[in-house]
Amino acid sequence: MRVVRVVKYHQNLELSDAPEPEITSPLDVIVKIGAAGVCRTDIHILEGQWAEKSGVKLPYTIGHENAGWVHAKGDSVTGLEIGDKVILHPLVTCGLCRACRFGDDVHCENSLFPGINTDGGYAEFIKTGARSLIKLDEKLEPTDVAALADAGLTAYHVCAKAARVLRPGNFVVSIGAGGLGHIGIQVLKAISAATLIVVDRNKNALDLAKKLGADHVVLAGEGDEFVKEVLNLTGEQGAEAVVDFVAEGGSTATGVKMLRRAGNYYVVGYGENLNIPTIDIISTEINFIGNLVGSYNDLAELMVLAAQGKVTLHTSIYKLEDFQKAIDDLSAGKVRGRAILVP
Ligand SMILES: [Zn+2]
Ligand SMILES: [Zn+2]
């Protein structure tokens, strides 16, 4: 089959031929790829940023946002038939460790991460486990949802976590209305009655946020003026939750100023250090909460919202062999929505 592989770091991906994956354990499933999302993480992988963390041996096939059809399954796989349309939770998990038994797939002690530390979905077929597959509603196609397997899942995970403690009348601020943020806005509007304020530096992103249902949008400029505007919207009390999809360029320092006493600050983006005086943390009892991808159940719930038309994703489709153009377009910020490879 055709695969697109990392051959060396700091070098372009290469299209080559590889044997199709095979069933080697009774719960294995081989999925025929219908769509694989092209993600900024793929660019970071090529830059070698993940080399030490993943320990993956080169060459290997990347692509961690995958959807398609069940092609072959191990003897013990039940509830899935050949030809079923599926999305893949990004991790292959054991189901037996403590984290798995809590439904906390991301922290599985024996997991594989196809596309990161083993062969992924820039290919015609991928091997995963039965535990990782969610059957798609007949209205949904692999190209519609593949990119929700990572970016969408991360946005859902954090917004669902925030929504569990948000009450009607509360305020939630979303910092960023870009790739993850615009999914987060749709999720929050679908599952929370809290009033949603979206902050972004980009006017177009805010127009989109408004269209997607944001109650208020605030343009962030160079200074801290926008903080006053947000506080004003909350009756000078601050928001119960701030979801920071950016966490770069000083966003956490200004973000915290928009938080109410005992509020929750959800960190999703990364790139800067938290530099908050500890006396401010204890005197106001604010919380900082990290967020990493999402669980199987998070993805299953997100697929319900997708099937109901409450979360939609704009995609630009490329053929698998045009992978370089997709990566170049993503690097140059030329992709509208998310780039998807189709074999
Ligand atoms: Zn991704
Ligand atoms: Zn596990």
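Q: Helices and strands here are DSSP runs, counted from the N terminus, with at least four residues for a helix (H or I) and at least two for a strand (E). With that in hand, in which loop is the place of proline 59?
A: This is a predicted model, so local features are taken only where pLDDT is at least 70. The peptide bond joining leucine 58 to proline 59 is cis, with omega near -5 degrees. Proline 59 itself sits in the loop between α2 (51-54) and β4 (60-61).

Q: Where does the largest nonpolar core lie in relation to domain 1 and domain 2?
A: The core has 102 residues, and those touching the most other members are Ile87, Val172, Val173, Val198, Val242 and Val243. Helix α5 (residues 151-163) gives the most to this core, with seven residues. Domain 1 (2-150 + 294-342) and domain 2 (154-290) both contribute residues, so the core lies between them.

Q: How is α5 oriented relative to α11: roughly parallel or roughly perpendicular?
A: The axes of α5 and helix α11 (residues 296-307) are 9 Å apart and meet at an angle of about 100 degrees. Angles of 65 to 115 degrees count as roughly perpendicular. That makes the orientation of α5 to α11 roughly perpendicular.

Q: Is glutamate 236 buried or exposed?
A: Glutamate 236 is found in the loop between α8 (225-233) and β12 (239-244). Its phi is near 65 degrees, a positive value in a residue other than glycine. A residue with 12 or fewer other C-beta atoms within 10 Å counts as exposed. Glutamate 236 has 9 of them within 10 Å, so it is exposed.

Notes
Residues numbered from 1 in each chain as written. Chains lettered and ligands numbered in written order. Predicted model: local features only at pLDDT ≥ 70, side-chain atom pairs only at ≥ 80, totals over all residues. Core = buried A, V, L, I, M, F, W, Y, C linked by C-beta atoms within 7 Å. Buried ≥ 20, exposed ≤ 12 C-beta atoms within 10 Å, placed from the backbone. Domains from an automatic or database assignment. Axes fitted to C-alpha atoms, helices over the stretch in contact; angles between N-to-C directions. Parallel < 35°, antiparallel > 145°, perpendicular 65-115°, else oblique.
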